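The following paragraphs lead through a single protein chain, moving from its strands to a helix and then to charged pairs of side chains. Please keep the sequence and the structure in view while reading.

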Amino acid sequence: MGDEKQRLQRPGGGEQRDIVRGTKAAEFHNHIFEKVNPEMEKLGYECKCLGGGKIDHNSKDKKIRVFGLSTGYGKADHSVTVEILKKVYTDYEITWSDDKK
């Protein structure tokens, strides 16, 4: 599945938050951004894409691997992506690499 790291910020430089979004349904990273951006704007956030990659999510073995990059947005900081995922998937082994596959 493709994933994308985005920074949300309140207009005027207020509250800031990084999020990770991904879906098997989105063929390209810009499709993820086009879906998430309007939803975040409704909540009062400006949205900026910080880069992309891929997530291999193995729910059976409770393992997640973050790797790769987005052709259009470049590579997200996978170490930050992993820290965000660890907050939700607390009982998973989560790793990252700069490998493209």
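Two strands are said to pair here if DSSP finds at least two bridges between them. The model is a predicted one, and the hairpin of β1 and β2 is a convenient place to enter it: six residues lie between the two strands, and in this hairpin G12 takes a positive phi near 85°. Strand β1 covers residues 2-9 and strand β2 covers residues 16-23, and the two pair in the antiparallel sense over eight bridges. Within this pairing, D3 has G22 of β2 as its bridge partner.

Strand β1 also pairs with β3, again in the antiparallel sense and over eight bridges, and on that side R7 stands opposite K48 of β3. As for its surroundings, β1 is mostly covered, with six of its eight residues buried.

Helix α1 spans residues 29-42. Its 14 residues reach 21 Å from the first C-alpha to the last, which is close to the 20 Å expected at 1.5 Å a residue. Which elements do the buried residues of α1 pack against? They pack against β1, β2 and β3, the last of these strands comprising residues 46-58. The residues of α1 that are buried are H29, I32, F33, V36, N37 and M40. An α-helix has 3.6 residues a turn, so residues three or four places apart point the same way. Just after α1, G44 takes a positive phi of about 90°.

One residue of this helix carries an annotation: an unreviewed UniProt entry lists H29 under "active site". Is H29 buried or exposed in the model? Its relative accessible area is 13%, and because buried means under 20%, H29 counts as buried. When neighbours within four places in sequence are left aside, H29 is in contact with G2, D3, E4, G52, G53, L69, S70 and Y73. Among these contacts is D3, the residue already met as the bridge partner of G22 in β2.

The charged side chains give a further view of the chain, for a search of the whole structure finds seven salt bridges. One of them joins R7 and D18, whose closest N and O atoms are 2.7 Å apart; this pair links distant parts of the chain, with R7 in β1 and D18 in β2, 11 residues apart. R7 itself counts as partly exposed, at 29% relative accessibility.

Another salt bridge lies within α1, where the side chains of E39 and K35 meet at 3.0 Å, N to O. Because E39 and K35 are four residues apart in α1, about one helical turn separates them. Their accessibilities fall into two classes, since E39 counts as partly exposed at 35%, whereas K35 counts as exposed at 53%.

A comparable arrangement occurs in helix α2, which consists of residues 78-88 and in which K86 and E83, being three residues apart, are separated by about one helical turn. K86 forms a salt bridge with E83, and the closest N and O atoms of this pair are 3.7 Å apart. K86 is partly exposed at 38% relative accessibility, and E83 is likewise partly exposed, at 45%. Elsewhere, salt bridges that share partners join K5, R7 and D18 into one network.

Conventions. Residues numbered from 1 in each chain as written. Predicted model: local features only at pLDDT ≥ 70, side-chain atom pairs only at ≥ 80, totals over all residues. Heavy atoms only, no water. UniProt positions renumbered as here; feature names shortened; annotations may be inferred. Buried < 20%, exposed > 50% of the residue type's maximum accessible area, 1.4 Å probe, protein only. Contact = heavy atoms within 4.5 Å. Salt bridge = Lys/Arg side-chain N within 4 Å of Asp/Glu carboxyl O. Expected span 1.5 Å × (residues − 1).
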